[in-house]
Structures are given as structure tokens and as C-alpha cells.
Amino acid sequence: MTGNHQNTSITRRHALAVSGGTVAAGGLALTGYQSAFADTTTQTAASASSTATSTGAACMQLMSSVTEGPYYLDGALVRKDITEGKSGVPLTLSLTVVDATDGCTPVKGAAVEIWHCDAWGYYSGYTTAGPGGSVPAESEEGDSANDNTYLRGYQIANAHGVVKFETIFPGWYIPRTCHIHVKVHTGGQKEDGTYEGGKVNYTGQLFFDDNTAEAIFALEPYAKHTGTYTKLADDMVYDGGGAASGLLTLKAVHKKDPSKGYKGSLTLGIDPDAENTGAGSGGTPPSGAPSDAPTGTPPSDSASPSASS
């Protein structure tokens, strides 16, 4: 981990900026779950211009991308709800993409792609890959999710640069802390239910504070995964830069009941002229058998992993 050093092999202007967003709570019960997934796109869009202006300094903060990790798969679906019935604490994630090289203007049409593990630490496409510690097999979760596609997806930014996902709070796997992977693409288009063409402008990861993560991991179904959880300070990718390094700001409406769910939002300031390979300087990309590589093999009928997988 080299910290916030620029990746000069890509472009000196390549940037990501993140500003912590407001967070509210919803619930695992039906009404609470619907509350957690309530539509805030209008509010977010309405405030996009003022947000970009008020966070201009943060937006211009330059930092290099980080590794895409060993669990990336091509061909994720364009959709808002990526849960596919996976159980866990509801998380509504709103992201606003702006051009950090042009006054933080919204990047209409940018495709934001996210992927993360389920409550037990398993990734779709790699469901036989053990997350470490003591945990039941992924097949014991008893859900109807597609083992090749769950908790992966794209959203296309609207005129205000806003995308929104409905998902669950991720679990964890050894030796990583809790995180969500993210890529920002431009220049392509939606085709056959996925996003084709264009280029990747940014590859990064979003993180959660230790106190919130550990409170959630004490709940079901997360609690069935036991072992040594890696805290932020010990993570191989997170560099301690707070929001500028992808740390989400989270606040539960019901402070004593983390099961009620969360909403999070960040502003992603990119350079639309930049192109990123997913290797970055924030951690070592997978090669051979890295310490955080999956121990299983993707199903034969799954989408093909990227070259760095």
C-alpha cells in the first residue's frame, strides 16, 4: 500500500474525490426495508449542483486508483436493485459522478459499476471461494440468488450525474476489511442488459468505519461468519485518507438498532480523459495466488473474469 500517490502511468490528472453523504436508516421488516430503499434520487439530483460547488476543494483532490481485486467479472447487469434476495442489512447507495477537471460538473451518462461480497463473505461467480474463518457454505444461505450475478451491477448517471443502488451491507473475507468495489466508465452504452464499450476512468473501493461494521457483523446472518476481522488500519488497500480514500459516512436513524439499514452517498470526482486498468497503486493487483485471491474457481458458465483475475 503506497498511500495517495498518483498513478503516473495513466495520467497525472486521474482523480477520485469523495465527499461523505448523508445517511438515514430503513428496516429489515418490510416497511423498514422499503423505507431504507425509499427514492431519494430527486432530492440528490436537486442538490447536485450545490454539492459540487460546496465540495469543490475536495472534488479536486487527486488520488490514484486502487486494485480491482481478484473477484471482478465482466458483464454485470444494468439495474438498480442488485440484491437478488440476498439477506442482510439494507444499504441504499447514492453516488454522484462529477468532472474534477471542469469545475465538478455532472458527468451525464457515466456508468458506475459496483460489486461486493454477501453477508458471509462470498462473491457471485466465486461461490466456492472460502472467505476464511468459520462460515457455512454459500449454498446453505437458502436464497434464490443467481450464483453468477448477485450483488453486481451498473447504473447510468442521469443529467445530474447521479446513480443509485439498492443492496445490502457487505460482509468480509480474510484478510480484507469490509468494502465495496467501484468502477466509473464513460464512452460506452447499454447493450443486451449490460454496459459495453467505452473506457474505465476510475477503479476504487468504498469502505465502512470499524464500529458500524462490527455492530452489523454481530447480527444475523453476518454472525454465522466468525474469525479475525481486518480493521481499517490493518487493511492492505485502505490508506487512512478518510472520505478522500473512499470511507463512507454512515448514520443510523435508530442508533441502538443497526439492523434498520443505512443510506449512504458520495461524490466521485473523476477525470473523463483518464483511463485506468484496474491495477492502480493502492495495493497489489492479483497475480498467481495473491493473499486475498479466491480459493475456488468460477463456475464454467459464468462470465469470464478479467485478465487481472
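**Aromatic rings in a predicted model**

Biologist: Which rings form a cluster here?

Modeller: Ring pairs join Phe169, Trp172, Phe208, Phe217, Tyr222, Tyr229 and Tyr262 into a cluster. Rings of Phe, Tyr and Trp (its six-membered ring) pair if their centres lie within 6.5 Å; planes under 30 degrees apart count as stacked, over 60 as edge-to-face and the rest as tilted. This is a predicted model, where local features need pLDDT of at least 70 and side-chain atom pairs count only at pLDDT 80 or more, while totals for chains, interfaces and linings use all residues. Residues are numbered from 1 along each chain as its sequence is written, and side-chain values use heavy atoms, leaving out hydrogens and water.

Biologist: How many aromatic pairs does the structure hold?

Modeller: There are 13 aromatic pairs. One of them joins tyrosine 71 and tyrosine 123.

Biologist: What makes the pair of tyrosine 71 and tyrosine 123 stacked?

Modeller: Their centres are 4.1 Å apart, within 6.5 Å, and the planes differ by 5°, under 30 degrees, so the pair is stacked.

Biologist: Why is tyrosine 71 called buried?

Modeller: Buried means under 20% relative accessible area, exposed over 50%, partly exposed in between (1.4 Å probe, protein chains only). Tyrosine 71 has 4%, so it is buried. Tyrosine 123, at 1%, is buried too.

Biologist: Why is the pair of phenylalanine 207 and tyrosine 238 called tilted?

Modeller: The angle between the planes is 55°, neither under 30 nor over 60 degrees, so the pair counts as tilted; the centres are 5.0 Å apart. Both phenylalanine 207 and tyrosine 238 are buried.
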